[in-house]
Amino acid sequence: MKDTVNMEQPERGTVLLCEDEPIVALDVKIMIEDAGFRVVGPFARVDKALDEVDGDFVAAVLDVRLRDGDVFPVAERLHKRGVPLIFHSGHIIEDDVALRFPCAKHCPKPIDSRAIRAALRAVAAAS
Amino acid sequence: MSDDSPKGMQAGDSDSRPLFVVGIGASAGGLEALREMLSAAGRDCALAFVVVQHLDPNHDSLLAELLGRHTTLDVRQANDGETVQPGTVHIIPPGHGLSISDRRLTLTDFAQPRGLRRPIDDFFESLAEDQGENAACVILSGTGADGSAGLRAIKEHGGLCVAQDPETAKYDGMPTSAQSTGLVDFVLPPEEIIDTVQQFFQKATVDGAGGQLARTVEETLGDICSVVRTTAGHDFSGYKTSTLARRVQRRIQVLDLPDATAYLHHIRTEPDECEVLFRELLINVTRFFRDAEHFDKLRRLVIEPLVESSDSEEVRVWVPGCSSGEEAYTIAMLFAEEVRLQRRSIDIQVFATDIDERMLRIARDGIYPQAALADIPEDMRDLYTVARDGTFQIASRIRDMIRFSVHSLVRDPPFSNIDLLSCRNLLIYFDEQLQAAVLPIFHYSVRPGGKLFLGPSESLSRHDHLFHPIEPQARLFERNDARPEYPLQLRNRSDHRRTWRRNADESDGKATRVAWADNTATERILETYGPATLLVTGQGEVLGSTGKLGRYLEIAPGERNTQYAASIARPGVREAISSAVRQAARTQRRTISRDLVATSDVGRQPFDLVADPLKDGTVLLVFRERGRFDPLHEDDLDDVAPGDSHVQSLEDELRSTRARLHITVEELETANEELKSSNEEMMSMNEELQSTNEELATVNDELKDKVDELSVANADLSNFFASTALPLVVLDLDRRIRNFTGAIQSIYPLRPVDRGRPLAEMTCNIEDSDKILDVIETVIETEQDQRLQIQNQAEQRTWSLFVTPYRARDQQVAGVTLVFSELTDALQLEDDLRAEGERLRLALDVAELGVWELSRDGRHIHFDHTASSLLALDADEMPLAAFLERVPEETRRDAAGILREGSTVLPFGLTFEQANGAHSERSVRMVGRRIARNQGMRTLGVIFDVTEAEEAKRVREIMLHEMNHRVKNLFSIISGMVRIAGMSAGSVRDLVDGVTARIGALARSHNLTHQAPVGTALTLGDAVRSAIEPFDGHARIDVDGPPVEVSPETLTALSLLFHELATNAAKYGVLGPAEGRLSVTWRSGDRDEIQLDWVEHYDEPTVRQHNEMTGFGSTLMQMSAAQVDGRIDIERRPDLRRTRLTYERHS
């Protein structure tokens, strides 16, 4: 693994990741870790994610559709606690999400590592 | 004329707009005149018209209908009790008379037979009484004289009289007769009548209100009277001013002159006007038994005693100013009745006089309107009247009692020795001076003890010494026995007409008269001691006498109206009188004839005769006794035989000639009377004929108009027959051809000569022509319409035959009418339509299209069966509003807009959900358009089920959405895969190989989901086999396990995992360099756990096993396991390598 060097750098915080596609999950996880964050997840299911949702996160990267349903219950909990949300999805209904989570950021699939990195940095800087 | 109060004028004042009623009388030729007259009426005409026309009582009158077309006025046949309306023409219905009272019309029944009816007179009389000065009468064309009497009544009551100009009348009888009464105000052509009448009434209203005219009239009245006196010979200056002024004023209105001065000028220059005014001033109202109670008293106090006491002498009655004779007839009837009751035989002579010859003519005829009959007591009616149609005539025995003659009370010498003088309602018109002149005449005329009968408002005033009242209330007076004094001055007046008034004013004549009358001493002297004296005219006519004349004259003078002194003188006196009078009159000197002897039956008287001519041309004859009267002895008879002188014989001859002449005259008179009565009979017959003729003429006029209309109708009908394309035949009851149209040629080749031939004989282009004949029989028998369809096979033509009974005017069947309507085209069209309809129906059925249509008014919507079942409706029609209720709310407004908006012409479409009974919701689509048809716009369209199409659409959209998602996911996976692979790949080739292989694995996994038959789930076995499929043949592979379902979501993860295992095995294990076999087994564990073992069995123990769990592949496996909530356990032994995947099945 080329990125092990980065792992040794001081962590910028923990990020919750929800994604049900294994390869994408792995990819995103690596991206987040490359950006200097620790990753909790990835979770392919909402119920699993809810078990971990009360952790101390600087941000959450969420796929909208998980294996057992929409990610919104998780997003809702996080949003209430003020955790910045970054949605990445291939089929989110933009209006719907935008309406429920006006402050959330969006990174459409396929994921661009720079985009997610910029988003993470932005929320990290904000927090 | 007795009605002095200006009633009509006051009525005009109080009523702001009085109604003027115009009665119109017409007979033969009247239709044309009426048309011309009424068509000139303007829209603003406020007069009410009542038309009385002689009509045939047995025919309905078309008059109202015919007149209505030519005038703007409202024309209607009068009903009983109808009120006359302004601007309306009321027309008498046939078979009735008409009268009016309080502006209300009453229909009356005719009492008289046809020919004697005078409906126009009857109506005018009632109109005159009802409307007075607001009435006008118009007499139009017609024969006979109906209307002339009524006209007089109108005039008497102050109304206006108009007659059609006889020159313009088709029959001038009635207008001429009206004109000859002299009472007609206007003689005009018909079209000018209404204008003139309107103008007159307008002026009357204005002048009546102003009163200015009345004043100027009074001022000029004296001059007007003098003009009348000069020209007409009658002086009205002694008449009362108010009455005269009113009549003159009316003339001024008629002539449309500005004031009285202009009238004076007019009357001076137009002698005819004088005549007109004269007649108008004489109009008066008179009735039978006017003031009946007074006549009762007259009968009781005067007539009864007179009849009782008279000793078969003649009773003499004088009625001066008798006008149309009613008063004279009244008295005559009273006498006749009294004579009848007392069973006596007395000669009664009534002298009835008037100055108006025309009135006397009416009086002589003795014919009066029916209405007057009511005035005569019932018991006398039957005895003394003879009923005529609408009139009655006084019986001839009454008429024979009366002598009517022209006589002026103030101008002509009076009658003498009168027993009863009746002069009613004449003196009231005279002023005091004239009355003073007239009463002495009465006194002279009436014998001592005779009676005078005056009108209720008349009195003797200053002359009560001449008569003393016997019944003051009834104005009955008895003459005193003062000596009658001959009113000489009246005679003078007649001789010197122009100066009589001046003479009357002189007092000397009057004074003498008073001395004679008042001084009984003088009278006694004259009677007893004075010499017998005669007053005679220059011609010898005896005017008066005094003293004892019995010895000189044979009969007492005064008995006869005119007696000549010479003819009544006794022998011996006669010759002397003749010569003495002649000489005295000629020389104007006193003469005396001496030693004359008058010989009478009783003796001889010697005497001298003095003739003394007086200034006024009369001669006073005084008989002076010369010796003692020598009584006659029988033996002296021979001596005193009449002288046989030449004169004596001439006189005898003259006398006998006179007697013969008298007899001859009497015979002539008798013959004349007979002729007269024959003439009367003829006249009445003639009248009957005339009225029949008039009625016929009227009917003829009406029929002519009707014929004109019929000609037009007939022309229309012939044109219709000639031009119509409808084949039609009319048959009579004998089935013979009566008429046909030209278009019949296609069925029967008929020619005009075939009219009258039986239809059965005609050739016919129709094969089954017998059927036609059968139907004709049926129609004639049943009198019911029949239909029949007939065909011409050769020409392929079809007709519908409609046979109806032909009914004559009395509704009896008189034949049949055959009407053929060609159906060939219609039937063809019907077939085509039916085929077209079937095709459409088929299309609709197959496509399951329902049809709907809006009703014409747009309030209802109609569905066919398919449509109503689509919409789950019970009825095939419902109100539009109810239908819209069923449309879901979101589409309702659109639907209402489309269906209700009338102007929408474009086709439209509408889709909406519709709960369909037990079924779930269905989507239906309704399309339609507006189509212009002959009957107007129609809105219609189809309705069909689009549920499946809608569903398919929805599914397609979901699919597209999902596809989009998956593709994007795929891109993510591939990009992730490349990135991850890039992290660990040693070379580009490794990278490409690794990524390619994994994409291949993903593709196979995708294939699995795609290839799996619908409805069957993928199993774990499928996923395993798919992963190892590329390596088939490399080693023995065992795959075994229960069927475990794999959800599509987990499939990718599992596929990738198995791919990694297979790749590892190919790279390092049994599927690659190492010898051995592969076994993949799985089982369901507790709590839905699946445990899968991937075991590579090595044939030779291998020390160097590949470094598992390193690099990208291992990470991927771990990640994939995590994705399915599973874990990977690896067991490595020299002989085998076991990779165990444990995961929960629920995912």
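## Exercises on a two-chain model

Of the 83 residues in the largest nonpolar core, A:Val15, A:Ala60, A:Val61 and A:Leu62 touch the most other members. Keep in mind as you work that this is a predicted model.

**Exercise 1. Find which helix gives the most to this core, and look up what A:Ala60 touches.**

Solution. Start with the helix: α33 of chain B, residues 1048-1068, gives the most to the core, with nine residues. Apart from this core lies another one, of 79 residues, and B:Ile224, B:Leu439, B:Leu452 and B:Phe477 are among them. Now go to A:Ala60. Not counting residues up to four places away in sequence, A:Ala60 touches A:Val15, A:Leu16, A:Leu78, A:Val83, A:Leu85 and A:Ile86.

**Exercise 2. Count the residues of each chain that are in contact across the A–B pair, then sort the chain A side by class.**

Solution. First, the count: 24 residues of chain B are in contact with 18 residues of chain A. Second, the classes: the side of chain A that touches chain B has 10 nonpolar, six charged and two polar residues.

**Exercise 3. Work out the strand order of the five-stranded sheet in chain A, and say which helix packs on it.**

Solution. Step one is the order. The open sheet reads β2-β1-β3-β6-β7 in chain A, with parallel pairing. Step two is the edges: β2 (38-43) and β7 (105-106) of chain A each pair on one side only. Step three looks at one pair of strands. Strand β1 of chain A, residues 14-18, is joined to β2(A) by four bridges, and the two run parallel. For a residue to check on your screen, take A:Leu16, whose bridge partner in β2(A) is A:Val40. Step four adds the helix: α2 of chain A (residues 22-34) packs on the sheet and touches β1, β2 and β3 (59-62) of chain A. The direction of α2 makes about 165 degrees with that of β2(A).

**Exercise 4. Do likewise for the open sheet of seven strands in chain B.**

Solution. The order here is β3-β4-β2-β1-β7-β8-β9 in chain B, and the pairing is parallel. At the edges are β3 (74-77) and β9 (186-188) of chain B, each of which pairs on one side only. On average, neighbouring strands of this sheet are turned by 20 degrees against each other, direction ignored. Inside the order, six bridges join β1 (residues 21-26) to β2 (residues 48-53) of chain B, which run parallel. B:Gly23 has B:Val50 as its bridge partner in β2(B). Finally, place helix α6 of chain B (residues 173-180): it lies across β1, β7 (135-139), β8 (160-164) and β9 of chain B, at about 140 degrees to β8(B).

**Exercise 5. Locate the positions that UniProt lists as "active site", and decide whether B:Ser27 and B:His54 are buried or exposed.**

Solution. The unreviewed UniProt entry places this feature at B:Ser27, B:His54 and B:Asp146. They are spread over 120 residues of sequence, yet they cluster in space, with a largest C-alpha distance of 9.6 Å.

Next, place two of them along the chain. B:Ser27 is in the loop between β1 and α2 (30-39) of chain B, and B:His54 is in the loop between β2 and α3 (63-68) of chain B.

Then apply the cut-off: a residue is buried if 20 or more other C-beta atoms lie within 10 Å of its own. B:Ser27 counts as buried because it has 31 C-beta neighbours inside 10 Å. B:His54 is buried too, with 31 C-beta neighbours inside 10 Å.

Last, look at the contacts, leaving aside neighbours within four places in sequence. Those of B:Ser27 include B:His54, B:Asp146 and B:Met174. B:His54 is in contact with B:Ser27, B:Gly142, B:Ser691, B:Glu694, B:Glu695 and B:Thr698.

Notes
Residues are numbered from 1 along each chain as its sequence is written. Chains are lettered from A and ligands numbered from 1 in the order in which they are written. This is a predicted model: local features need pLDDT of at least 70, side-chain atom pairs count only at pLDDT 80 or more; totals for chains, interfaces and linings use all residues. Two residues are in contact if their C-beta atoms, placed from the backbone, lie within 7 Å. Ala, Val, Leu, Ile, Met, Phe, Trp, Tyr, Cys and Pro count as nonpolar, Asp, Glu, Lys and Arg as charged, and the others, Gly among them, as polar. A nonpolar core is a set of buried Ala, Val, Leu, Ile, Met, Phe, Trp, Tyr and Cys residues joined through C-beta atoms within 7 Å. A residue is buried if 20 or more other C-beta atoms lie within 10 Å of its own, exposed if 12 or fewer, and partly exposed in between; C-beta atoms are placed from the backbone. Two strands pair if DSSP finds at least two bridges between them. Axes are lines fitted to C-alpha atoms, for helices over the stretch in contact, and angles run from 0 to 180 degrees between N-to-C directions. UniProt positions are given in the numbering used here, feature names are shortened, and annotations may be inferred rather than shown by experiment.
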